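Trainee: Hi! I'm new to this one, could you walk me through it?
Mentor: Happy to. Let's open it up and take it a piece at a time.

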Protein chains: 2
Amino acid sequence: MQESYLHELLKVDDQEIRLTEKQAHILAAAIEIFAEKGYAATATSEIAKRAGVAEGTIFRHYPAKKDLLLAIVKPGVLKFAVPVFASNMVEHIFNREFDGFEDLLSVFIYNRLDFARQNVAILRIVLQEFAFHPEIKKTVEESFLEQVYPKIKETITGFQKAGRLKQMPLKTMVRCIVSPILGFIITRFILNPDAEWDEEQEVDNIISFIMKGIEAEA
Amino acid sequence: MQESYLHELLKVDDQEIRLTEKQAHILAAAIEIFAEKGYAATATSEIAKRAGVAEGTIFRHYPAKKDLLLAIVKPGVLKFAVPVFASNMVEHIFNREFDGFEDLLSVFIYNRLDFARQNVAILRIVLQEFAFHPEIKKTVEESFLEQVYPKIKETITGFQKAGRLKQMPLKTMVRCIVSPILGFIITRFILNPDAEWDEEQEVDNIISFIMKGIEAEA
DNA sequence: CCTTCTGGTGAGTGATTACTCACTTACATA
DNA sequence: TATGTAAGTGAGTAATCACTCACCAGAAGG
């Protein structure tokens, strides 16, 4: 992971974060090893070794091992959630700049696909650890409920009122839309990353699959 | 978890497994704690304590901590995979005892839903640990590739040839079918188990969602 | 009655763990 | 040049870890 990118990722609320060179090495090493063997199985001594710093340096910046985990995961979750529907994206739809839900879906999928591509390690860590750390679970749930869900809700009910989408409980519909996308992202980057993937074809198929499943009957 | 059920679960290839009372307690305790806090974060001393046995007793039956994990996970994975399409199920379809793919899907979903309901803890453990333990990953992949995938393939291509299902790469179609089902099972039992769920309505919606997405165009 | 076997025990062990702290170094500002 | 401050160090520590081992109990068989 490049340090400039790491730096960018950890920026929250546009607040600049000062990172020492060593501090960046610590974060990069921690991301790598947490993703490889899991948080609980990772020794701080190993992080220090791979980062090329003394073990004490880690605890100078992060009072406990768990703070290091949170320093990685929280900004990652926020960055994943916030731009899901960039504010101008939703406007575009209602300004008819998009043909319809299908185009929106396409933009959304490619967007999250690229994010996942650049953050496989963090994605792994979040998926693995959020079950065991209430703070992570809370961050995920909050950013979803506050950032993602309302915009999805607005969008979907809009299309439903316009008669373009089927009537179906909102949560069920969201799950039906998100599941195949997440399923693809996870198989693409985590379960079977080494296979040859024709992403464009896959995305096309997923989109048409989802659309058929949720569009209003003719 | 009842011991009789535990006993049943651990039976592989119909070979009876003799379980001491203490041994059963060890397994039950290990399942509980592994699911709660993860394998790596679980101390053998804690398992012994909750099981009400001496720590040495664990290592009398399982040479290493990891063997205890595998003794839980492997039979769980096998029991989950093998009956996915019970041999008579596929026959039924081609004997026209099912109306079509839709009925098959319904049986499949309710079947796996009940399995998940009875095995939430093991499900959690498998989801959490299979990323870090090659033996688990291998077991999952093998039982999927050998038991599940061929039967799915046979079934789907059958329906495709009969002109009932859309032409779509097999793997993509399988992922599209499985993702919403897994997505529901995971939200139902792991992410949000305490919510009130109208399972029948959910399943109906999921089935119609999937069917619209994969059936051949009229 | 003696032997053998299996199941069970719990104190003990060396290795590893997260974390501490007295100390050094680098650098900015007075 | 003196001084304060933040970054960095690494030996040290108490706690905990997975695992061992000498020993005990009871049942089975001769």
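**A first look around**

Mentor: Chain A has 11 helices and 0 strands. Keep in mind that this is a predicted model.

Trainee: In what order do the elements of chain A run from the N terminus on?
Mentor: They go α-α-α-α-α-α-α-α-α-α-α.

Trainee: And how many of the residues of chain A count as buried?
Mentor: Chain A has 218 residues, and 46% of them count as buried.

Trainee: Since it's a prediction, what is the mean pLDDT of chain A?
Mentor: The mean is 89, and 84% of the residues of chain A reach 70 or more.

Trainee: Where in chain A is confidence lowest, and where is it highest?
Mentor: The lowest is helix α6 of chain A, residues 87-94, with a mean of 59. The highest is helix α3 of chain A, residues 44-51, at 98. As a general caution, predicted coordinates should not be read in detail where pLDDT is low.

Trainee: Okay, on to the DNA. Which residues are closest to DNA strand D?
Mentor: There are 17 residues around DNA strand D, and the closest are A:T20, A:T57, A:H61, B:T44 and B:K65.

Trainee: What part of strand D is the protein next to?
Mentor: Take the atoms of DNA strand D within 4 Å of the protein: 59% belong to sugar or phosphate, and the rest to bases.

Trainee: Can you give me some actual contacts?
Mentor: Sure. A:T57 has a polar side-chain atom 2.6 Å from a phosphate oxygen of DNA strand D. The side chain of A:H61 has an N or O atom 2.7 Å from a phosphate oxygen of that strand. With A:R60, the partner is a base nitrogen of DNA strand D, 2.9 Å from a polar side-chain atom.

Trainee: Which elements give two or more residues to the surface near strand D?
Mentor: Those are α4 (55-61) of chain A, plus α3 (44-51) and α4 (55-61) of chain B. The largest share, 4 residues, comes from α4(A). By class, that surface has 5 nonpolar, 7 polar and 5 charged residues.

Trainee: Now the other strand. Which residues come nearest to DNA strand C?
Mentor: Of the 17 residues around DNA strand C, the nearest are A:K65, B:T20, B:T57, B:R60 and B:H61. Here α4(B) gives the most to the surface, with 4 residues. At least two residues each come from α3 and α4 of chain A and from α4 of chain B.

Trainee: And the contacts to strand C?
Mentor: A backbone N or O atom of A:K65 lies 2.6 Å from a phosphate oxygen of DNA strand C. For A:T44, a backbone N or O atom is 2.8 Å from a phosphate oxygen of the strand. B:R60 uses its side chain, with an N or O atom 2.8 Å from a base nitrogen of DNA strand C.

Trainee: Switching topic: how long is helix α5 of chain B?
Mentor: Helix α5 of chain B covers residues 65-81, which is 17 residues. From first C-alpha to last, α5 reaches 25 Å, close to the 24 Å expected.

Trainee: Which of its residues are buried?
Mentor: In α5(B) they are B:L68, B:L69, B:L70, B:I72, B:V73, B:P75, B:G76, B:V77 and B:A81.

Trainee: Last one: why does A:C176 count as buried?
Mentor: Because its relative accessible area is 2%, and the cut-off for buried is under 20%. B:C176 is buried as well, at 1%. As for disulfides, the count over all chains is 0.

Note on methods. Residues are numbered from 1 along each chain as its sequence is written. Chains are lettered from A and ligands numbered from 1 in the order in which they are written. This is a predicted model: local features need pLDDT of at least 70, side-chain atom pairs count only at pLDDT 80 or more; totals for chains, interfaces and linings use all residues. Side-chain values use heavy atoms; hydrogens and water are left out. The expected span of a helix is 1.5 Å times one less than its number of residues. Buried means under 20% relative accessible area, exposed over 50%, partly exposed in between (1.4 Å probe, protein chains only). A residue is near a molecule or strand if one of its heavy atoms lies within 4 Å of it. A polar contact is a pair of N or O atoms within 3.5 Å; within protein, one must be able to donate a hydrogen and the other to accept it, and residues adjacent in sequence count only if both atoms are side-chain atoms. Ala, Val, Leu, Ile, Met, Phe, Trp, Tyr, Cys and Pro count as nonpolar, Asp, Glu, Lys and Arg as charged, and the others, Gly among them, as polar. pLDDT is the predictor's confidence in each residue, from 0 to 100. A disulfide is a pair of cysteine sulfur atoms within 2.5 Å.
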